[in-house]
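Please open the structure in your viewer and keep the selection tool at hand. The tour below goes from stop to stop.

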Amino acid sequence: MTWEYILNQAGIPLLLFAICMVYGIYLLIVQRADGIRGKNKGPLKDEKRYAMAGGGLILFFGIGTLVMTILLFVNVYAAVAEIISCTLIMGVLWKKVNEKYGA
Amino acid sequence: MVKTNQQKMKDFLINNGVIIVMFVLVIYTGITSNNFFTTGNLMNILMNMSPRLVIALGIAGCVITGGCDLSAGRMIGFGACIAGTLLQRMDYSGKFFPDMEPMNVFLVALIVMLICSAFGAITGFFIAYLSVPPFISTLAMMEIIYGINMIYTNATPLGGYVKEYTNVAGGKFLGINYLIWIALIVAAITWFIFNMTRHGKYMYAIGGNAQAAEVAGVPVKKNLILVYMKAAAMYGLAGFMLGAKSGGVSVMTGYGYEMEAIAACTIGGVSVTGGRGKVSSAFIGVAVFELLKVALQYLGVDANAQFIAIGVVIYVAISLDIRKYVAKK
């Protein structure tokens with residue numbers, strides 16, 4: 001298995017994993033919600049916690065992406081099922097985060 | 001505070017700096033190259049612009065509502081692959097569905113748009129009802145679509161299309177290529193939606209201030225879903241157009257197009273902070289981008305250096321847009 005083969009097969013999920021990791025860690029460090037919500041959105045109940053929870057969820061999704069990358073080499077169906085599950089979990093959890101700390 | 005003419009000129013130069021520099025570059029390329037300003041080259045540029053304009057118009061809608069759509073590139077690839085599998089010749093040795101007769105080209109375009117718009121509706125649902133930021137939900141959809149496309153095509157490159165399909169890119173009406181006509185029709189429809197419909201007005205209201213729009217009675221959630229559905233249908237159509245133009249596609253078709261489209265919208269004047277943008281903005285942005293690429297090729301700039309130049313343009317354009325937003329505040 002060459003590096004080129006890995007990039008061809010899983011370059012996009014790997015790139016997304018890197019983006020999610022950087023973005024998630026950034027949110028956990030700066031703890032500012034405008035990084036995810038945009039600049040002209042309304043106030044939040046608890047911006048710091050919202051940003052931290054959001055950062056955590058993005059990290060969770062990033063790890064899900066990495067798992068998908070590995071699964072792509074084993075079974076594509078399992079990889080798709082895994083990323084769909086991760087997206088659904090993230091969506092539901094994000095709704096809860098929004099209800100708790102959001103506008 | 002009243003601005004002096006000098007200040008107005010300075011603002012104009014800064015706000016339109018990218019377009020002015022591109023214009024100068026195009027003029028320079030035209031003067032120094034023999035066949036840059038020819039009808040053939042112009043038609044070629046317009047043909048290359050056509051699918052990109054359709055993508056940019058889809059993304060413009062999302063950006064106007066204060067969102068973005070990173071799933072566009074994968075959606076284009078998916079659309080192109082669906083169209084490819086349904087429009088292969090019967091005698092093609094690598095036919096994906098060996099026993100299936102090729103379908104009607106228009107029907108396939110419609111099927112592609114419908115399937116993509118269904119995925120767009122899911123993205124919109126995540127954004128509107130689950131409050132997942134557009135950046136994250138479209139990123140997730142990008143991966144899901146990529147995986148589904150891998151399963152659907154088994155990562156096999158597709159080709160051997162029926163003549164009716166390749167004619168979509170090769171055929172002409174009134175001397176103008178069908179692809180250009182399709183892009184013009186999509187632009188006209190989008191202009192009508194943006195300017196003449198209630199949904200269009202709501203889009204700007206949501207982008208300006210979603211909370212205020214909701215208080216004012218705008219059905220924000222429904223309109224957001226509609227925006228992402230419409231955009232996804234356009235990506236599907238763009239994929240269909242790209243497939244006809246290239247004569248062969250793979251899961252990698254459309255890779256990176258979303259970034260170019262977002263950048264083109266920003267260069268043209270669609271604000272990344274939402275609430276601002278026109279159909280002409282997307283058109284100008286796509287034209288500037290395409291002219292830049294062609295001009296760099298004519299000037300013999302190395303292919304890798306072209307990526308750097310395009311990256312610099314995107315960076316400058318988005319910085320200037322943020323500057324406008326800060327100045328407005």
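What follows is a short walk through chain B of a predicted model.

**Stop 1: helices α4 and α5**

Select residues 72-86 of chain B, which form helix α4, and then residues 105-128, which form helix α5. At what angle do α4(B) and α5(B) pack? The angle is about 145°, and the axes are 9 Å apart. The crossing of these two helices is right-handed. To see where they meet, show the side chains of B:Met75, B:Phe78, B:Gly79, B:Ile82, B:Ala83 and B:Leu86 on α4(B). Their counterparts on α5(B) are B:Val108, B:Ile111, B:Val112, B:Ile115, B:Cys116 and B:Phe119. Sorted by class, this contact holds eleven nonpolar residues, one polar residue and no charged residues.

**Stop 2: helices α5 and α11**

Keep α5(B) selected and add helix α11, residues 220-246 of chain B. The axes of α5(B) and α11(B) come within 6 Å and cross at roughly 145°. This crossing, too, is right-handed. The contact between α5(B) and α11(B) has 21 nonpolar, six polar and one charged residues.

**Stop 3: two residues with positive phi**

Most residues other than glycine have a negative phi. The next two selections have a positive value instead.

Go to B:Ser131, in the loop between α5 and α6 of chain B. Its phi is near 55°. Is B:Ser131 buried or partly exposed? B:Ser131 counts as partly exposed because 18 C-beta neighbours lie inside 10 Å, while a buried residue would need 20 or more.

Now pass along helix α6, residues 134-153, to B:Ala155. This residue sits in the loop between α6 and α7 of chain B, with α7 covering 163-170. The phi of B:Ala155 is about 60°. B:Ala155 is also partly exposed, with 15 other C-beta atoms within 10 Å.

**Stop 4: the contact with chain A**

Finally, display both chains. How many residues does each chain bring to the contact? Chain B brings 21 residues and chain A brings 29 residues. On the side of chain B, select α6 and α10 (210-215), each of which supplies at least two residues. Helix α6(B) gives the most to this side, with ten residues. By class, the side of chain B that touches chain A has 13 nonpolar, seven polar and one charged residues.

Notes
Residues numbered from 1 in each chain as written. Chains lettered and ligands numbered in written order. Predicted model: local features only at pLDDT ≥ 70, side-chain atom pairs only at ≥ 80, totals over all residues. Axes fitted to C-alpha atoms, helices over the stretch in contact; angles between N-to-C directions. Helix = DSSP H or I, 4+ residues; strand = E, 2+ residues; numbered from the N terminus. Left-handed = near helix turned anticlockwise from the far one by under 90°. Nonpolar A, V, L, I, M, F, W, Y, C, P; charged D, E, K, R; others polar. Buried ≥ 20, exposed ≤ 12 C-beta atoms within 10 Å, placed from the backbone. Contact = placed C-beta atoms within 7 Å.
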